[in-house]
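Thanks for making the time, everyone; today I would like to walk through the charged side-chain pairs in one model. Please keep the sequence and the structure in view while I talk.

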Amino acid sequence: MLRSYAGKGVEELTKLLISRRSEVEKLISGVPGFVSYDLVETKDGCFTVTVCTDKAGTDKSLAVAKEWLKANAAHISAAAPTVSEGKAHIHIGAKAGAHA
């Protein structure tokens, strides 16, 4: 699932998410079927990529993200993200110890 954030308030939202990384990590990694999460800052805002083993996991990740934003970022006037989702056919990650 890709959540793209752009427009007014997104710079502040991005900074908030980055500054509360451990809280976001704990929240999102607790989603059933969680595989990975990335936040990428762009010139126009940011986007997040959440990979789960099934649609139930990505649906849950979207729900917990909405709740967290409502509880922690309601003071930021950022628009809701554009959400894209689909089935991943290729997922490539570094092997443990491959960064030598």
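Arg21 counts as exposed in this predicted model, because its relative accessibility comes to 59%, and the residue to look at alongside Arg21 is Glu25, which at 45% counts as partly exposed. These two side chains form a salt bridge, with the closest N and O atoms 4.0 Å apart, a value I would read with the cut-off in mind, since a pair counts when the nitrogen lies within 4 Å of the carboxyl oxygen. Both residues sit in helix α2, which covers residues 21-29, and because they are 4 residues apart there, about one helical turn separates them.

Let me move to another helix. Glu11 and Lys15 meet in a salt bridge at 3.3 Å, N to O, and they too are 4 residues apart, this time in helix α1 (residues 10-19), so that about one helical turn lies between them. Glu11 is exposed, with a relative accessibility of 55%.

Now, which parts of the chain does the pair of Lys55 and Glu85 tie together? Their closest N and O atoms are 3.5 Å apart, in a salt bridge; Lys55 belongs to helix α3 (residues 55-72) whereas Glu85 belongs to the segment after β4 (82-84), so the pair ties together parts that lie 30 residues apart in sequence. Glu85 is partly exposed, at 46% relative accessibility, and the contact extends further, in that Lys55, Asp59 and Glu85 are linked in a network of salt bridges.

Counted by the rule, the model holds 5 salt bridges, among them the pairs I have described, such as Arg21 with Glu25.

How values were computed:
Residues numbered from 1 in each chain as written. Predicted model: local features only at pLDDT ≥ 70, side-chain atom pairs only at ≥ 80, totals over all residues. Heavy atoms only, no water. Helix = DSSP H or I, 4+ residues; strand = E, 2+ residues; numbered from the N terminus. Buried < 20%, exposed > 50% of the residue type's maximum accessible area, 1.4 Å probe, protein only.
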